[in-house]
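Welcome! Here is a short guided look at a protein model and the ligand it holds. Please take a moment with the sequence and the 3D view before reading on.

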Amino acid sequence: MIEPVARKMGSSMAQNSFATHEVLNQSPPFVDVDLFALDTPLAEAVAANGGAAAAKELSEFGRHWGSAAMAERGRQANENPPKLRTFDSRGNRRDQVEFHPAYHELMAHSAHAGLHNSTWAPDGRPAGAPSEVVRAAKFYIAAGVETGHLCPITMTRASIAALALQPGLLAKVMPVIGTRSYDPTFAPWASKRGMTLGMGMTEKQGGTDVRSNMTRAERDGDAYRITGHKWFMSAPMCDAFLVLAQAEAGLTCFFMPRFRPDGSVNAIEFQRLKDKLGNRSNASSEVEFLEAYALRVGEEGKGIRTIIQMVQLTRQDCAIASTGLMRSGLAHALHHARHRSVFQKHLADQPLMRAVLADMALHVEASIALVIRLCRAFDCAAVDANEAAYMRLLTPAVKYWTCKSAPGFLYEAMECLGGNGYVEEGILARHYRESPVNAIWEGSGNVMCLDVLRALSREAEAATGILESLTKATEGLPGAERATDLIGKTFRRGDAESVARLAVETLALLAATAALNAVSPQHAELFASTRLASHHSAMYGAVELGRDDIGHLLDRALPV
Ligand SMILES: Cc1cc2nc3c(=O)[nH]c(=O)nc-3n(C[C@H](O)[C@H](O)[C@H](O)COP(=O)(O)OP(=O)(O)OC[C@H]3O[C@@H](n4cnc5c(N)ncnc54)[C@H](O)[C@@H]3O)c2cc1C
């Protein structure tokens with residue numbers, strides 16, 4: 001007698017009368033893992049940059065963010081994007097944005113871990129080493145799970161650097177920003193358990209060129225009334241925004257809360273939300289201000305100098321998040337390749353796939369070493385002039401290299417999963433759509449290159465010192481000397497701007513080699529020989545790595 005198919009397949013399948021086949025040879029979900037413990041290059045980079053004592057805390061964070069529940073929150077927050085409620089049913093303005101509960105839960109978990117404030121002391125001064133390194137490790141892990149909600153988290157953290165130029169205001173907001181609570185209620189910030197801040201600079205006629213801002217600020221007693229528009233203003237349910245507007249003495253930075261001091265809703269009117277390629281869990285608005293109440297931050301006419309303090313930190317976070325996205329892509333690709341068999345062999349054992357994955361692993365090793373090294377510079381900048389110079393020169397170069405390499409990297413990671421990589425149920429399609437934004441906002445690619453040139457000309461002596469220290473840290477490594485020569489020569493050229501991308505990429509590669517050399521000299525050698533001594537092909541895996549090196553790289557990327 002033929003056994004019924006349903007009984008043979010087990011009781012769960014028996015319920016489905018349409019079942020036609022068994023599901024075989026698919027990788028299990030990459031969840032319920034410790035995202036810190038599985039990441040040897042991260043753990044080593046953190047330890048090498050002063051964060052060794054935080055290993056237990058980071059492992060707890062890694063387990064929590066590696067859980068199936070957090071992955072599910074990330075999926076739900078992106079499949080249910082925010083909605084703008086411009087009016088209520090009676091036609092009164094509401095100007096509120098509604099988010100899926102999963103988004104609020106992600107915000108609460110990030111706030112609980114201090115991603116929005118742990119690099120600051122309660123009085124708003126830098127918390128000191130190794131707070132930047134430890135927070136960066138967490139931010140990178142969180143970015144690999146859900147990136148959209150990190151937009152208000154990073155802006156909140158970064159705003160404190162600009163608010164420091166208005167100490168009275170900083171002293172008032174710190175007790176609210178300083179808590180680890182997330183409070184999504186639509187209420188005046190001073191009455192809340194926690195608050196978030198956003199940023200409004202970009203207008204229709206100019207994003208990079210903020211000097212072309214047309215928004216006007218009129219003095220009104222101790223405050224100002226702001227009239228104008230912003231073409232992009234993300235996370236519109238933030239409790240306050242740092243905005244740029246033209247005051248009598250020129251472009252000035254302002255703190256614009258959602259409520260006026262008398263408790264009425266401030267005149268911040270959202271026109272619509274952007275329909276974006278990725279970053280879908282996060283809302284980005286077009287907005288108009290109609291004599292909106294605001295307080296000045298920093299001196300009148302010094303708006304760019306004030307807000308750049310904030311932008312330096314959001315740029316740092318773009319680099320961390322892009323590296324976190326690439327790491328997540330690599331981990332999912334490697335995990336899948338270890339479970340998926342093709343032609344009687346696991347993909348992870350096919351020589352060509354191993355070459356691809358190992359080359360990708362090498363890219364991530366260098367990226368994380370560089371990003372964490374940069375965060376050490378942020379940790380030490382207040383007390384060490386060399387670290388401050390490193391931070392200023394390298395932040396735009398690191399943002400340029402990591403953020404611009406992420407989309408190509410994630411495309412390759414997606415392909416490692418074949419068709420499964422391309423569908424929306426998996427995380428890789430989301431990561432791929434998310435990845436270009438970090439290069440575009442907070443200063444696009446060319447702008448980062450121009451920033452490096454500016455740092456070189458304004459602080460020539462300090463920059464020369466940094467280049468010398470990179471040369472020393474990479475001494476004897478393949479191609480390092482040639483790279484140093486190229487950087488020096490290119491930056492000295494009269495037409496440096498037109499060749500700046502070549503020099504800035506080489507600077508980032510040299511700095512990555514130096515950072516990796518301090519963590520894992522064996523891999524620094526491999527990185528230098530494939531990226532400095534020769535030009536790396538546009539495709540991953542088009543390099544020759546030794547068998548043992550490949551095995552070692554893959555074991556470090558994801559222990560079996
Ligand atoms: C999803 C999303 C959310 C955003 N959220 C916010 C927000 O919350 N707040 C906010 O203020 N802005 C926000 N922005 C805007 C973003 O910061 C700007 O789009 C960005 O700064 C670029 O400005 P732009 O779009 O006006 O482009 P442009 O300034 O016109 O630049 C276009 C291109 O020209 C290049 N370029 C510019 N100058 C030069 C030059 N001198 N030489 C060579 N090339 C140059 C740039 O690199 C860029 O590639 C957001 C953008 C996106 C996509």
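## A buried cysteine

Let us begin with C449, which counts as buried because its relative accessibility is 2%, below the 20% cut-off for that class. Please keep in mind throughout that this is a predicted model.

How many disulfides does the structure hold? The count is 0. C449 is accordingly in no disulfide, and the nearest cysteine sulfur, which belongs to C403, is 12 Å away. A disulfide needs two cysteine sulfur atoms within 2.5 Å. C416 is another cysteine to look at: its relative accessibility is 4%, so C416 counts as buried.

## Around the ligand

Now turn to the ligand. There are 20 residues surrounding it, and the closest are M199, M201, T202, T208 and S234. Sorted by character, the residues of this shell comprise 9 nonpolar, 9 polar and 2 charged.

Three of the contacts are worth finding in the 3D view. At M199, a backbone N or O atom lies 2.9 Å from a nitrogen atom of the ligand. At M201, a polar backbone atom is 2.8 Å from an oxygen atom of the ligand. At T202, a polar side-chain atom takes part, lying 2.7 Å from a ligand nitrogen atom. On its own, the ligand has 980 Å² of accessible area, and the protein covers 66% of that.

Which elements give two or more residues to the shell around the ligand? They are the strands β3 (197-200) and β5 (223-234), together with the helices α15 (437-440) and α16 (445-458).

## An aromatic pair

Aromatic rings offer one more feature to explore. Searching the whole structure turns up 7 aromatic pairs. One of them joins F409 and Y540 in an edge-to-face arrangement, with 5.4 Å from centre to centre and 80 degrees between the planes. The label edge-to-face applies because planes over 60 degrees apart are classed that way.

Where do the two partners sit along the chain? F409 belongs to helix α12 (residues 385-416), while Y540 is in the loop between α20 (521-531) and α21 (547-557). With 131 residues separating them, this pair links distant parts of the chain.

Are these two residues buried or exposed? F409 has a relative accessibility of 0%, so F409 counts as buried. Y540 is buried as well, because its relative accessible area is 11%, which is also under the 20% cut-off.

Note on methods:
Residues numbered from 1 in each chain as written. Predicted model: local features only at pLDDT ≥ 70, side-chain atom pairs only at ≥ 80, totals over all residues. Heavy atoms only, no water. Buried < 20%, exposed > 50% of the residue type's maximum accessible area, 1.4 Å probe, protein only. Near = heavy atom within 4 Å. Polar contact = N/O pair within 3.5 Å; in protein donor to acceptor, adjacent residues only side chain to side chain. Areas by Shrake-Rupley, 256 points an atom, 1.4 Å probe, with all protein chains shown as cover. Helix = DSSP H or I, 4+ residues; strand = E, 2+ residues; numbered from the N terminus. Nonpolar A, V, L, I, M, F, W, Y, C, P; charged D, E, K, R; others polar. Phe/Tyr/Trp six-rings, centres within 6.5 Å; stacked < 30°, edge-to-face > 60°.
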